[in-house]
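Visitor: I am new to this structure and should like a close look at a single part of it, the surroundings of the ligand. Please then set that part within the whole.

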Amino acid sequence: MDFSISEEDRLLQGSVRDFVEEQVNSRWREIEEARAIPDAIITQARDLGLLGLSIPAQYGGLGLSVVQKALVHEMLGRGPWGLSTYISVHTGIGCVGIVRFGSDAQKQKYLPKMASGEWIGSFALTEPNAGSDAGAMASTAVRKGNEWILNGTKTFITNAPKAHHFMVFAKSEAGICAFLVDREAPGVRIGQVFKTIGHVGSTPAEVVMEDCRVPLDALIGEEGKGFEYAKRCLSEGRTTLGARCVGTAQKAMELALEYASERKTFGKPLVEHQALAFRFAQMSARTEATRLACYRSAWLLDQGKPAVRDSSTAKLLGGEWSWQTVDECLQIFGGNGYISGEYMIERMWRDLRVARVYDGSSEVQQIVIAQQLRKGDVQTAW
Ligand SMILES: Cc1cc2nc3c(=O)[nH]c(=O)nc-3n(C[C@H](O)[C@H](O)[C@H](O)COP(=O)(O)OP(=O)(O)OC[C@H]3O[C@@H](n4cnc5c(N)ncnc54)[C@H](O)[C@@H]3O)c2cc1C
């Protein structure tokens with residue numbers, strides 16, 4: 001078993017870490033106040049290739065493996081989640097479906113412009129009455145002549161107001177199908193734009209389709225296989241999301257350790273009180289275990305395995321344990337931790353909370369893991 005990474009991957013991870021720390025975290029208060037990611041940061045992200053992580057080199061992207069993407073997402077997790085979600089939806093769940101299941105024509109049309117950042121992508125699965133139970137969606141797709149007619153409302157769609165296109169899921173007679181719906185398609189519009197408690201800049205919004213007309217070739221892959229494609233995109237997304245949570249937990253621990261080394265109570269630094277030292281030890285152990293789960297899931301996906309249980313495990317541990325860690329770190333900052341705009345820990349606390357909810361809530365991950373166990377997907381040995 002080899003846990004080492006190549007020098008090339010180390011440099012890649014280092015360059016993303018430097019970008020996040022030097023160009024983004026240094027401006028975190030400004031980003032929170034403006035509730036937007038500055039264009040200059042998006043341009044820097046694009047120049048680093050971060051908008052084309054999943055896109056093969058032949059279409060202008062970096063064409064990274066899932067393990068490499070997890071390495072990058074871990075570093076993105078050290079920064080604001082508005083930025084990392086923007087990047088990860090655009091080049092992850094909003095893109096993987098085209099890369100893996102799209103036609104040559106779809107790849108030619110979308111991927112080069114997505115890699116360059118000219119076109120921003122999105123993933124539109126959730127509906128007002130179908131989130132955890134996404135299969136119960138009400139959106140419909142009817143074939144009429146040489147077009148598909150789509151009706152329905154998608155909600156909480158990250159990047160929607162900035163997106164050039166939406167990867168939309170809707171039901172036809174054959175079952176759930178996936179479509180590429182361009183923003184300019186007749187009958188599609190942005191509905192409510194939501195204000196979130198953290199995670200600023202990724203602007204989730206409604207995507208409303210009223211007799212929306214798209215050409216027949218807007219269908220991705222085969223009719224009726226859309227849910228299968230969605231799950232494949234999500235397996236990868238859950239793995240890299242877990243890695244992002246690891247990055248956030250790691251950064252929170254570093255900040256808390258620094259604070260606890262300086263702040264004194266009862267005549268000694270906080271960190272020298274055994275109760276807090278043990279807390280750091282437990283946070284470190286949880287973060288390490290989550291990191292291993294994420295990279296194992298990423299590795300399995302790179303081997304062409306479905307990694308359903310593994311990606312849900314990575315996401316469950318990422319959401320729950322990293323949240324626990326960030327919450328405990330905020331506790332270590334005492335009253336200072338709860339003051340808005342003072343210490344970055346408060347932004348991390350607001351940002352990370354969503355990881356227990358989106359891309360399948362923690363409860364949904366447990367449902368998926370339990371289903372896999374019942375199917376015999378049990379790891380009795382490596
Ligand atoms: C900031 C943000 C960005 C998002 N971006 C996107 C996006 O880009 N694309 C997209 O398609 N969606 C997106 N979502 C939607 C997100 O994936 C859903 O909110 C999530 O899947 C939960 O669905 P829901 O909100 O409908 O909650 P519900 O399904 O109504 O669930 C409510 C609660 O009940 C729990 N629950 C539900 N069923 C069960 C059960 N059987 N057993 C136990 N507990 C259960 C859930 O875990 C949850 O805690 C985003 C959401 C947010 C907040």
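Of the 16 residues around the ligand, which come nearest?

Guide: The residues that come nearest to the ligand are F123, T126, S132, S361 and E363, out of 16 around it; a residue is near when one of its heavy atoms lies within 4 Å of the molecule. The model is a predicted one, in which local features need pLDDT of at least 70 and side-chain atom pairs count only at pLDDT 80 or more, while totals for chains, interfaces and linings use all residues. Residues are numbered from 1 along each chain as its sequence is written, and side-chain values use heavy atoms, with hydrogens and water left out.

The polar contacts of the ligand (pairs of N or O atoms within 3.5 Å; within protein, one atom must be able to donate a hydrogen and the other to accept it, and residues adjacent in sequence count only if both atoms are side-chain atoms) may be taken in turn. At T126, an N or O atom of the side chain lies 2.7 Å from a nitrogen atom of the ligand. S361 also takes part through its side chain, where an N or O atom is 2.5 Å from an oxygen atom of the ligand. D359 contributes through its backbone, with an N or O atom 3.5 Å from an oxygen atom of the ligand. On its own the ligand has 970 Å² of accessible area, and the protein covers 64% of this; such areas come from the Shrake-Rupley method with a 1.4 Å probe, and for residues only the protein chains shown count as cover. Two or more residues of the shell come from each of strand β3 (147-157) and helix α13 (362-374). Helices (H or I, at least four residues) and strands (E, at least two) are DSSP runs numbered from the N terminus.

The shell is mixed in character, with 8 nonpolar, 6 polar and 2 charged residues. Here Ala, Val, Leu, Ile, Met, Phe, Trp, Tyr, Cys and Pro count as nonpolar, Asp, Glu, Lys and Arg as charged, and the others, Gly among them, as polar. Because domain 2 (123-224) and domain 3 (227-374) both supply residues to this shell, the ligand lies between them; the domain bounds come from an automatic or database assignment.

D359 merits a second look. This residue sits in the loop between α12 (344-352) and α13, and its phi is near 60°, a positive value in a residue other than glycine. D211, in strand β7 (residues 205-215), likewise has a positive phi, of about 50°, although it is not a glycine. Helix α13 also holds Q371, which counts as partly exposed because its relative accessibility is 37%; buried means under 20% relative accessible area, exposed over 50%, and partly exposed in between (1.4 Å probe, protein chains only). Q371 and R309 are 62 residues apart along the chain, and their C-alpha atoms are separated by 8.7 Å.

Elsewhere, two buried residues make contacts with the backbone. S122, in the loop between α7 (104-115) and β1 (123-124), is buried with a relative accessible area of 0%, and its side chain reaches the backbone oxygen of H165 at 3.1 Å. H90, in helix α5 (residues 81-93), counts as buried at 0% relative accessibility, and its side chain reaches the backbone nitrogen of G121 at 3.0 Å.

Strand β4 (165-172) contains F166, which is buried at 0% relative accessible area. The loop between β4 and β5 (175-182) holds E173, and this residue counts as exposed at 87% relative accessibility. The C-alpha atoms of E173 and F194, 21 residues apart in sequence, are 32 Å apart in space.

As for the whole, the protein has 13 helices and 10 strands, and 55% of its 382 residues count as buried. Along the principal axes, its C-alpha atoms fill a box of roughly 80 × 50 × 40 Å. The radius of gyration is 21 Å, which agrees with the value near 21 Å for a compact globule of 382 residues; the radius is taken over C-alpha atoms, and the globule rule is 2.2 Å times the number of residues to the power 0.38.
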